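Here's a quick briefing to read with the structure open beside you. Start with the picture, then work through the bullets.

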Amino acid sequence: MHLTKEEEGLLRGEEGSELAEVFEAVVKVAEVLGATRLVKVSHAHISGISYRNLGVEGVEFLEDLASRGLRFAVPTTINPAGFDLSLAWEMGVRPWEYELQMRALRALSSMGAEMTLTCTPYLLRTPCFGEHLAWAESNAVLYANSVLGARTNREGGPLSVLEALVGRAPYVGLHTEEGRRPTVVVDASRLRDLVDKEGHYAALGYLVGELVRSGVPALRNPPRGLRAPENLKLFLAALGASSSVGLVLIEGVSPEYEAGEGLETLRPGEEELRGVAERWALDDFDHAVLGCPHLSPEELVSLAQALSGVSLKKEVLAFTSRWSAQRVPEAVESLRKRGVKVYYDTCMVVGNLSALGVRKCATDSAKAAYYLAAQGYEVALMPRSALLRAVAGG
Amino acid sequence: MGAAVEIRGRGLVGGRARGRLLITRDPISFYGGVDPETGRVLERGHELYGESVAGAILMFPYGKGSTVGSYTLLRLAKRGKAPAGVVNLESEPIVVIGCVLGRIPLMDRPSPNPFDMRNELEGLEAEISVEGGVGVVRVLRHV
């Protein structure tokens with residue numbers, strides 16, 4: 001493992017023994033991953049900061065780091081928390097939950113994190129091509145790598161905290177040139193028309209993840225509609241939920257796309273897509289949940305347009321970031337007038353839907369479907385257009 | 001009576017400790033799979049289901065599951081319920097970070113492979129010592 005002079009100094013404690021200890025942990029992980037050196041990153045994004053993910057141990061860990069006077073070395077943003085900070089009581093949050101979450105946020109804030117509370121950091125600041133990042137949220141990692149050509153591994157929640165403190169990540173995997181070459185090809189020509197016709201972008205992402213499991217897939221002949229940002233977000237989030245993939249090279253979308261000549265080529269058909277699209281199904285549902293990943297300003301506007309002039313037949317919960325909502329206040333206002341519950345700072349996966357009365361829910365996100373089913377909810381996966389038709393009474 | 005067994009491997013987190021050997025061929029998810037208060041394995045169907053990892057030299061192939069599992073190892077360590085030491089076939093970041101933060105001696109790539117000798121080794125008292133990139137587990141009783 002090669003360290004620069006500056007890094008060797010850090011390890012010896014020239015910037016303090018507290019930072020040296022954190023630095024040593026990053027170096028250890030780098031060694032285990034087979035990295036030959038570290039790489040400086042320009043932006044860290046920390047996941048798993050909901051009190052429900054952290055537990056008491058995670059909160060104590062963050063407080064311990066903060067109390068030692070450690071500060072994040074690079075701009076650092078954070079994933080959604082367990083509830084909307086301004087609607088905690090309305091969301092049925094209990095006092096101990098509130099306190100635990102706020103302890104975590106105070107610790108993160110005192111180390112210098114921006115209180116973004118969103119899984120879509122790429123909307124707040126778009127990374128450049130080739131920029132090295134230490135991001136931990138899988139949908140954001142996939143977006144940064146696959147759409148923008150920035151470079152990050154799926155660093156994981158605890159590691160991203162340490163990487164943010166030292167401003168460096170192990171130079172391995174998707175940080176390296178070799179690690180970004182395709183390892184397998186998925187040719188979507190047999191099912192692209194069905195995906196475009198019915199809007200199964202999330203199901204397609206989940207299917208690609210199930211087929212390849214890991215590595216760097218190249219997606220050849222993708223459905224036309226996949227280029228639309230809202231479909232791309234759902235596709236990438238689903239892929240991240242069903243696999244350990246952090247980069248997919250999509251023809252016509254990814255700046256680093258290459259056809260992967262000579263590689264193993266998978267050609268899934270319509271029946272395989274239907275298998276995923278119909279895996280989560282219900283006869284009826286009580287809530288529609290949208291916003292995994294968090295809805296963008298553009299999506300909030302189109303959602304408000306789609307639901308204008310209709311009376312809702314179902315409860316609709318929409319999750320977005322405070323940042324996105326502040327870009328389009330009229331759209332948020334219009335959604336709320338329509339009866340849509342719009343929440344910031346949190347989401348259906350890391351929050352507590354049961355406290356909102358949710359039992360059976362429908363979502364357009366395969367990632368949300370997967371995690372909600374794992375939490376014991378009855379879940380239906382529907383393309384967004386079908387979901388909106390189902391909730392709109394006309 | 002044979003010779004005392006010595007297992008050597010790559011040292012990842014330094015330290016020295018004693019404990020009984022607890023060996024499983026199943027990967028472990030610390031988040032959700034191990035009770036952070038008691039160290040008991042909660043995952044149904046796991047070879048170690050119902051057993052406690054507290055104070056043991058715990059041998060499992062590798063970690064799995066959520067990355068938040070690192071915090072569980074830290075919490076176990078703070079409550080005195082962590083393994084005395086960990087030996088993996090191949091360590092991954094969840095376990096490495098958890099052991100670094102919890103100051104739990106960690107080594108991987110063990111030779112001879114303890115998972116092939118589970119029946120002979122399980123429950124025996126041993127000492128783990130990790131220093132300068134080398135890890136050694138010495139079984140204190142003759143096998």
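What follows goes through chain B first and then turns to parts of chain A.

Keep in mind that this is a predicted model. In chain B the big item to look for is a closed barrel of seven strands, while chain A offers a helix pair and a three-stranded open sheet.

**Chain B overall**

- Chain B has four helices and seven strands.
- Going from the N terminus, its elements come in the order β-β-α-β-α-β-α-β-α-β-β.
- With a radius of gyration of 14 Å, close to the 15 Å that the globule rule gives for 143 residues, chain B is as compact as a globular protein of that length.
- Its C-alpha atoms fit a box of roughly 40 × 35 × 25 Å along the principal axes.
- Buried residues make up 55% of the 143 in chain B.
- If you take the contacts in chain B between residues at least 6 apart in sequence, 71% of them link residues at least 24 apart.

**The barrel in chain B**

- Around the closed barrel, the strand order is S1-S5-S4-S3-S2-S6-S7, and the pairing is mixed.
- On average, neighbouring strands here are turned by 35 degrees against each other, direction ignored.
- As background, strands of a sheet pair through backbone hydrogen bonds, and that can be parallel or antiparallel.

**Antiparallel pairs in the barrel**

- Strand S1 (residues 6-13) of chain B runs antiparallel to strand S7 (residues 134-139) of chain B, and five bridges join the two.
- To find your way around S7(B), look for B:Val134, which sits opposite B:Arg10.
- S7(B) also pairs with strand S6 (residues 125-131) of chain B, again in the antiparallel sense, over six bridges.
- In that strand, B:Val139 is the bridge partner of B:Ala126.
- S6(B) and S7(B) make a hairpin with two residues between them. In the turn, B:Gly132 has a positive phi of about 55 degrees.

**Parallel pairs around S4(B)**

- Strand S3 (residues 57-60) of chain B pairs with S4(B) in the parallel sense over four bridges.
- B:Met59 has B:Val87 in S4(B) as its bridge partner.
- Strand S4 (residues 85-88) of chain B is also joined by three bridges to strand S5 (residues 106-111) of chain B, and these two run parallel.
- Here B:Asn88 faces B:Asp108 in S5(B).
- Is S4(B) covered on one face or on both? Both: B:Gly85 and B:Val87 are buried on one side, and B:Val86 and B:Asn88 are buried on the other.

**The helix pair in chain A**

- Helix H3 (residues 51-67) of chain A and helix H7 (residues 157-166) of chain A have axes that come within 12 Å and cross at roughly 10 degrees.
- H3(A) and H7(A) are therefore roughly parallel to each other.
- Which residues meet where H3(A) and H7(A) touch? From H3(A) come A:Phe61, A:Leu62 and A:Leu65, and they meet A:Val161, A:Leu162 and A:Leu165 in H7(A).
- The residues of this contact split into six nonpolar, no polar and no charged.

**The open sheet in chain A**

- Three strands of chain A line up as S3-S2-S4 in an open sheet with parallel pairing.
- Strand S3 (76-78) and strand S4 (134-135) of chain A are the edge strands, each pairing on one side only.
- Strand S2 (residues 44-46) of chain A runs parallel to S4(A), with two bridges joining them.
- A:His45 stands across from A:Trp135 in S4(A).

Conventions
Residues are numbered from 1 along each chain as its sequence is written. Chains are lettered from A and ligands numbered from 1 in the order in which they are written. This is a predicted model: local features need pLDDT of at least 70, side-chain atom pairs count only at pLDDT 80 or more; totals for chains, interfaces and linings use all residues. Side-chain values use heavy atoms; hydrogens and water are left out. Axes are lines fitted to C-alpha atoms, for helices over the stretch in contact, and angles run from 0 to 180 degrees between N-to-C directions. Angles under 35 degrees count as roughly parallel, over 145 as roughly antiparallel, 65 to 115 as roughly perpendicular and the rest as oblique. Contact means heavy atoms within 4.5 Å. Ala, Val, Leu, Ile, Met, Phe, Trp, Tyr, Cys and Pro count as nonpolar, Asp, Glu, Lys and Arg as charged, and the others, Gly among them, as polar. Two strands pair if DSSP finds at least two bridges between them. The radius of gyration is taken over C-alpha atoms; the globule rule is 2.2 Å times the number of residues to the power 0.38. Buried means under 20% relative accessible area, exposed over 50%, partly exposed in between (1.4 Å probe, protein chains only).
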